[in-house]
Amino acid sequence: MTAIGNGIEVSPLALGGSTFGWTSDATASRQVLDGFLHAGGNYIDTADSYSSWAPGNSGGESETVIGGWLSARGNRDRVVIGTKVSRHPEFPGLSAANVAAAADASLKRLGTDYIDLYWAHFDDPDVPLQETAEAFDALVRAGKVRAIGVSNYTGERIREWITIARREGHAVPVAVQPLYNLVKREAYERDIAPVAAAENLAVLPYQALASGFLTGKYRAESDLAGGVRQYMARGFYSEAGLAVVGVLEDVAREHGSNPAAVALAWLRGRPGVAAPIASARTLDQLASMMAFTRLQLTADQRSALDEVSARVPRG
């Protein structure tokens, strides 16, 4: 477990909840959640907007599934729950009134009276950052939120939030959630990593497996045909990216493991990273990911991954 602030400790892998109520129905979702807890995991990451993009969904489906699971298992004290605000169709943006209303809606769907880690999902340039910082602080003071984090913010805006919070005596963000993986490194390492290090922010990267691209299942353009996940993986596909997958497969063979586990092990070993976030639709996928907790990369293996991933074009 890694401490990330305010007495919160998270497991080496964070389970992403975007599939719950979307590509995983309630039964499959509960199986994955049970398996994650049984394997030693504790942090579950979701958002109020998951999965509003799916036909027939309106947002909040993931939180509702997680809430049903918490109620059925009676295990709220064994898990750390993180959810996000700003993208739900009924609660867009980060105005004070919206943050308060969205948090109450999330608490109701989750069936709990507190959120362990509440994230500002995306920056809202139309709302003064001081108003947003004050709104999040109010939730902490009310006991509805234990700690706060920022996702998809620039390094400059993270510094600005922290400066405001310290000046006003508000709760200071303890964590940052950036897009960061073996084929998307440059923006995080250049802009956000220095701020995270200077401010001792726990880093929980999302899309740790690049929407499945780093598992090795997309080896040709034809593999990207059809389905939302394949469409998302297309954004990571390139010849240089395939070279990264090749090295992942080589390292995986050396360990008798799999590319997903190696990719997660690399990410977990980066400075400041508390827990990569990855989702699993099935128990088999979960097992492949959790294998990284038993995997220790050598210096040569890390160097090989560093070098091949550095050749992936920016963008």
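The following paragraphs go through two helix pairs, a pocket and two backbone features of this predicted model.

Two packed helices are described by the angle between their axes and the distance between the axes. In the first pair, helix α1, residues 26-38, packs with helix α2, residues 61-73, at an angle of about 60 degrees. Their axes are 10 Å apart. Angles of 65 to 115 degrees would count as roughly perpendicular and those under 35 degrees as roughly parallel, so α1 is oblique to α2. The crossing of these two helices is right-handed. On the α1 side, the contact involves Ser29, Arg30, Leu33, Asp34 and Leu37, which meet Val65, Gly68, Trp69, Ala72 and Arg73 of α2. Sorted by class, five residues in the contact of α1 with α2 are nonpolar, two are polar and three are charged.

The loop between β4 (43-45) and α2 contains Ser51. The peptide bond that leads from Tyr50 to Ser51 is cis, and its omega is near 0 degrees.

Further along the chain is another helix pair. Helix α4 (residues 129-141) and helix α5 (residues 155-168) pack at about 60 degrees, and their axes lie 10 Å apart. That angle makes α4 oblique to α5. Here α4 passes α5 in a right-handed crossing. From α4, the contact draws on Leu129, Gln130, Thr132, Ala133 and Phe136; from α5, it draws on Arg157, Glu160, Trp161, Ile164, Arg167 and Glu168. By class, the contact of α4 with α5 holds five nonpolar, two polar and four charged residues.

Now to the empty space. Rolling a probe the size of a water molecule over the atoms shows where empty space is left. The second largest pocket encloses about 370 Å³ of space. It is lined by 21 residues, and those closest to its centre are Lys184, Arg185, Glu186, Ala187 and Tyr188. Helices α6 (186-199) and α11 (299-310) each supply at least two residues of this lining. The most comes from α6, with six residues. The lining of the second largest pocket comprises 11 nonpolar, four polar and six charged residues.

A last backbone feature is at Gln207, in the loop between β11 (202-203) and α7 (228-234). Gln207 is not a glycine, yet it has a positive phi of about 50 degrees.

How values were computed: Residues numbered from 1 in each chain as written. Predicted model: local features only at pLDDT ≥ 70, side-chain atom pairs only at ≥ 80, totals over all residues. Heavy atoms only, no water. Axes fitted to C-alpha atoms, helices over the stretch in contact; angles between N-to-C directions. Helix = DSSP H or I, 4+ residues; strand = E, 2+ residues; numbered from the N terminus. Parallel < 35°, antiparallel > 145°, perpendicular 65-115°, else oblique. Left-handed = near helix turned anticlockwise from the far one by under 90°. Contact = heavy atoms within 4.5 Å. Nonpolar A, V, L, I, M, F, W, Y, C, P; charged D, E, K, R; others polar. 1 Å grid on protein atoms, 1.4 Å probe; cavity = no way out; pocket = protein on both sides within 12 Å on 5 of 7 lines; lining within 4 Å. Points joined across faces, edges and corners; volume = space filled by probe spheres on them.
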